[in-house]
Amino acid sequence: MSKQQCLITGADGFIGSHLTEELLKKGFHVKALSYYNSFNNWGWLESIPKHKNLEIITGDIRDPHFCKHIVKDIDIIYHLAALIAIPYSYVAPDSYVDTNVKGTLNICQAAKESGNIRVIHTSTSEVYGTAQYIPIDEKHPKQPQSPYSASKIGSDMMALSFYNAFNLPVSVARPFNTYGPRQSARAIIPTIITQIANGAKSIKLGDLTPTRDFNYVKDTCQGFIAIANSENTIGKEVNIASNYEISMRDTLELIKELMNSDIEFITDEERIRPANSEVFRLWGDNTLIKELTGFKPEYSIEKGLKETISWFMKPENLKKFKSGIYNI
Ligand SMILES: NC(=O)c1ccc[n+]([C@@H]2O[C@H](COP(=O)([O-])OP(=O)(O)OC[C@H]3O[C@@H](n4cnc5c(N)ncnc54)[C@H](O)[C@@H]3O)[C@@H](O)[C@H]2O)c1
């Protein structure tokens, strides 16, 4: 890759903080955007050692003036900043449109005006909804089963429209469910691990029948970088997937086995989603990313879970999570 100056939006978050570390390891200069707040808290960027090639800035992608200001001298933008929780999108959908759709518009407009900067826009497997066929390739219909999904479909189309209308070099990276160190306890895997690690006798979860295609965060980051590296991905939507499925119940059993736990499972009605909103089956086809970039995932679910569990088991990490409550 000849591009040297990267901007990562959402660098303060779960995937963005790992991507920041990966790009620094590969010798890139990284401008890492952390969401502005009055505490000057940089989220997970607080956990990353200082690096001469790392510049942390704070701000808000909802502001078009700010977006124009931060893309100066940038060669490539990894746009990950978003509101991502499905349950919160039921109660605050306006903010999802502002952040995910309008924020993406602001980033693309700034990239266009600042000299056609390469943009890797982040989508999600949630845009597909429950699989109509498996494995899900990029031609699968999109089904907005939640305001979150709808806002991501809107943001993906906004990003692609900048390729179609203005030839902005945009790729849409579409990760399937990603897990690993630092993930919010809203998500199923950290919810299970943190409750077991805190010594709970029983665990509260929602419906355990849905299946997911889980990806270890290091694989997801390599997928992003592979997409950025390949000009063949410009103007395309590209899955980052492991190409398998596992049910939530089997995931729970696997974690129990790896943590040597006999914890009991209790259904928490609060966590059950409306029937038409629950995505029952996700299994991603990764043929396109393999063909276009040569990328293939390296982590089995067992290997990824072992690394994840060992990170969460460290007291200094575990204490950062509110495992006893339902985080939306
Ligand atoms: N975690 C997954 O399983 C998964 C799967 C597929 C796609 N994705 C996508 O990957 C991206 C990163 O997700 P994540 O899991 O790391 O979530 P995350 O919530 O940890 O990270 C998103 C970050 O965006 C920042 N942000 C939110 N609003 C902002 C604003 N207005 N201005 C600037 N920053 C803002 C937040 O501070 C947050 O740290 C998202 O686009 C998400 O849709 C995630």
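Does Arg182 count as buried or exposed, and what is the relative accessibility behind that label? In this predicted model, Arg182 counts as buried because its relative accessibility is 9%, and buried means under 20%.

**Salt bridges across the chain**

Arg182 is a good place to start a tour, as this residue has a charged partner. Arg182 and Glu21 form a salt bridge, and their closest N and O atoms are 3.1 Å apart. The two partners come from distant parts of the chain, 161 residues apart: Glu21 sits in helix 1 (residues 14-25), while Arg182 belongs to the loop between strand 7 (178-179) and helix 6 (188-197). Unlike buried Arg182, Glu21 is partly exposed, at a relative accessible area of 23%.

This pair has company, since a search of the whole structure finds twelve salt bridges. Here are three of them, including the one you have just met:

| Salt bridge | Closest N to O distance |
|---|---|
| Arg182 and Glu21 | 3.1 Å |
| Arg212 and Glu278 | 3.4 Å |
| Glu307 and Lys218 | 3.6 Å |

Take the pair of Arg212 and Glu278, whose side chains meet in a salt bridge. Arg212 is in strand 9 (residues 211-212) and Glu278 is in the loop between strand 13 (264-267) and helix 9 (287-293), so this contact ties together parts 66 residues apart in sequence. Arg212 counts as buried, at 3% relative accessibility, and Glu278 counts as buried too, at 8%.

Next come Glu307 and Lys218, joined by a salt bridge. Glu307 lies in helix 10 and Lys218 in helix 7 (residues 217-229), so the pair ties together parts that are 89 residues apart in sequence. Glu307 is partly exposed, with a relative accessible area of 28%, and Lys218 is likewise partly exposed, at 32%. Elsewhere, salt bridges with shared partners join Lys142, Asp156, Arg174 and Glu237 into one network.

**How two helices cross**

Helix 10, the home of Glu307, also meets helix 8. The axes of helix 8 (residues 248-258) and helix 10 (residues 301-312) come within 11 Å and cross at roughly 60 degrees. The two helices are therefore oblique to each other, and their crossing is right-handed.

**A nonpolar patch on the surface**

Which residues make the nonpolar surface patch of about 360 Å²? Tyr88, Tyr90, Val91 and Ile328 make this patch. Tyr88 has its place in helix 3 (residues 86-91). With a relative accessible area of 36%, Tyr88 is partly exposed.

Definitions and conventions
Residues are numbered from 1 along each chain as its sequence is written. This is a predicted model: local features need pLDDT of at least 70, side-chain atom pairs count only at pLDDT 80 or more; totals for chains, interfaces and linings use all residues. Side-chain values use heavy atoms; hydrogens and water are left out. Patches are made of residues with over 30% relative accessible area and no salt bridge: like charges are joined within 9 Å, nonpolar side chains (Val, Leu, Ile, Met, Phe, Trp, Tyr) within 5 Å. Accessible areas come from the Shrake-Rupley method with a 1.4 Å probe; for residues, only the protein chains shown count as cover. A salt bridge is a side-chain nitrogen of Lys or Arg within 4 Å of a carboxyl oxygen of Asp or Glu. Helices (H or I, at least four residues) and strands (E, at least two) are DSSP runs, numbered from the N terminus. Buried means under 20% relative accessible area, exposed over 50%, partly exposed in between (1.4 Å probe, protein chains only). Axes are lines fitted to C-alpha atoms, for helices over the stretch in contact, and angles run from 0 to 180 degrees between N-to-C directions. Angles under 35 degrees count as roughly parallel, over 145 as roughly antiparallel, 65 to 115 as roughly perpendicular and the rest as oblique. A crossing is left-handed if the near helix is turned anticlockwise from the far one by less than a right angle, and right-handed if clockwise.
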